[in-house]
Amino acid sequence: SSSPLEVMLRRLYQDAAGEELNEFVYPVQEAGLTMSLQSHTSGFVLKVGGYSARMLDLLLEVVRRAQQVDISEEAFAVIKERLQRGLENRRFAQPINQSRYYQSLLVEQPTFTDEALLQALGSVSLADVQAYAKQVFQRVYLEGVAVGNLDPSAARQALRALLDQLHATPLPAAERTREVVRDLKPEANLVYNQRLAVDNSVVQYYYQVGQTNPRLRGAMLLIGRPLGQSFYQEL
């Protein structure tokens, strides 16, 4: 997520790989297994679930298939147009959704404007996404969780096989992308106004209480429950 182009390649790859995996996933679901592949700021989230006897086999098969994008130019054009239309139409979304977008530009890193993303998207071809699919897994850092009745030794063995299959080398800590919340200056009152292209409006207040940690997040959840209920009832 280091640039608008990287974000667009990631999004297009996710949708193109998903398009290709759909045909494979249907019989898998009929057999009681599930899988999903989603992009995130720091990389990709791959989830597999269902009967433990075949779940690790499914993991290896999905990763094997995910290293290539084999769709037609026509299918890619539809995916690209859908992504472009979503970015262009965000300005017609409900004001509360638009306010979250502007808030992310203010406090989240890395984040990019829709205009920058659209400009980067225009030049991306199917060949670019296919090349991205081959190189994106060359250096990886795996983190995750295994739950249920999976055998720990079998899970470790599957992960080793996965890394061997990728022919990947470790991604150095300094090069791993992490979503960061910008620290606003204490008592800094920032006001942002934007005239929207919709016949509606919103006022949103954002109070920063500090970088998240389990204790602070728990306190905010406790405080937010009664505040949210009373606010809703008053409206």
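Q: A strand is a DSSP run of E with at least two residues, and strands are numbered from the N terminus. In which element of this predicted model is the place of Ser39?
A: The model is predicted, and the protein in it has eight helices and six strands. Residues 33-40 form one of these strands, and its covered face includes Ser39. The place of Ser39 is therefore, by the rule that a strand is a DSSP run numbered from the N terminus, in strand 1.

Q: Is Ser39 buried or exposed?
A: A residue counts as buried under 20% relative accessible area and as exposed over 50%. Ser39 has a relative accessible area of 19%. Since this value falls under the first limit, Ser39 is buried.

Q: Which residues does Ser39 touch, not counting those up to four places away in sequence?
A: A contact requires heavy atoms within 4.5 Å. With residues up to four places away in sequence left out, Ser39 touches Arg10, Arg11, Gln14 and Phe44.
 
Q: How many bridges join strand 1 to strand 2?
A: Strand 1 leads into strand 2 by a hairpin with two residues. The two strands run antiparallel, and Leu33 stands opposite Gly50 in strand 2. The number of bridges that join them is eight.

Q: Which residues form the uncovered face of strand 1?
A: Strand 1 covers residues 33-40 and has two faces. The covered face consists of Leu33, Met35, Leu37 and Ser39. The uncovered one consists of Thr34, Ser36, Gln38 and His40.

Q: What kind of aromatic pair do Tyr13 and Phe137 form?
A: A search of the whole structure finds seven aromatic pairs. In the pair of Tyr13 and Phe137, the centres are 6.2 Å apart and the planes stand at 70 degrees. Planes over 60 degrees apart give the pair its class, so the pair of Tyr13 and Phe137 is edge-to-face.

Q: How many residues apart in sequence are the parts that the pair of Tyr13 and Phe137 ties together?
A: Tyr13 is buried, and so is Phe137. Tyr13 lies in helix 1, whereas Phe137 lies in the loop between helix 6 and strand 4. The pair therefore ties together parts whose separation in sequence, in residues, is 124.

Q: What kind of aromatic pair do Tyr102 and Tyr192 form?
A: The centres of the two rings are 5.3 Å apart, with 40 degrees between the planes. An angle under 30 degrees would count as stacked and one over 60 as edge-to-face. The pair of Tyr102 and Tyr192 meets neither condition, so it is tilted.

Q: Is Tyr192 buried or exposed?
A: Tyr192 lies in the loop between strand 6 and helix 8, while its partner Tyr102 lies in helix 4. Tyr102 counts as partly exposed, at 23% relative accessibility. Tyr192 has a relative accessible area of 53%, and the limit for the upper class is over 50%. Tyr192 is therefore exposed.

Q: Which residue has its charged end over the ring of Tyr141?
A: Tyr141 is found in the loop between strand 4 and helix 7, and it is partly exposed, with a relative accessible area of 40%. Leaving aside neighbours within four places in sequence, Tyr141 is in contact with Leu171, Arg176 and Arg178. The charged end that sits over its ring, 3.5 Å from the centre, belongs to Arg176.

Q: Which element gives the most to the lining of the largest pocket?
A: The largest pocket has a volume of about 1800 Å³. Its lining has 47 residues, and Phe44, Val45, Tyr141, Leu142 and Glu143 lie nearest its centre. Elements that give two or more residues include helix 1, strand 1 and strand 2. The element that gives the most, with seven residues, is helix 7.

Q: Which residue has a positive phi of about 55 degrees although it is not a glycine?
A: Most residues other than glycine have a negative phi. The residue in question is found in the loop between helix 7 and strand 5. It is exposed, with a relative accessible area of 68%. The residue with the positive phi is His167.

Q: What is the form of the peptide bond from Gln109 to Pro110?
A: Most peptide bonds are trans. The place of Pro110 is in the loop between strand 3 and helix 5. With omega near -5 degrees, the bond from Gln109 to Pro110 is cis.

Definitions and conventions
Residues numbered from 1 in each chain as written. Predicted model: local features only at pLDDT ≥ 70, side-chain atom pairs only at ≥ 80, totals over all residues. Heavy atoms only, no water. Buried < 20%, exposed > 50% of the residue type's maximum accessible area, 1.4 Å probe, protein only. Helix = DSSP H or I, 4+ residues; strand = E, 2+ residues; numbered from the N terminus. Pairing = 2+ DSSP bridges. Phe/Tyr/Trp six-rings, centres within 6.5 Å; stacked < 30°, edge-to-face > 60°. Lys NZ or Arg CZ within 6 Å of the ring centre and 35° of its normal. 1 Å grid on protein atoms, 1.4 Å probe; cavity = no way out; pocket = protein on both sides within 12 Å on 5 of 7 lines; lining within 4 Å. Points joined across faces, edges and corners; volume = space filled by probe spheres on them.
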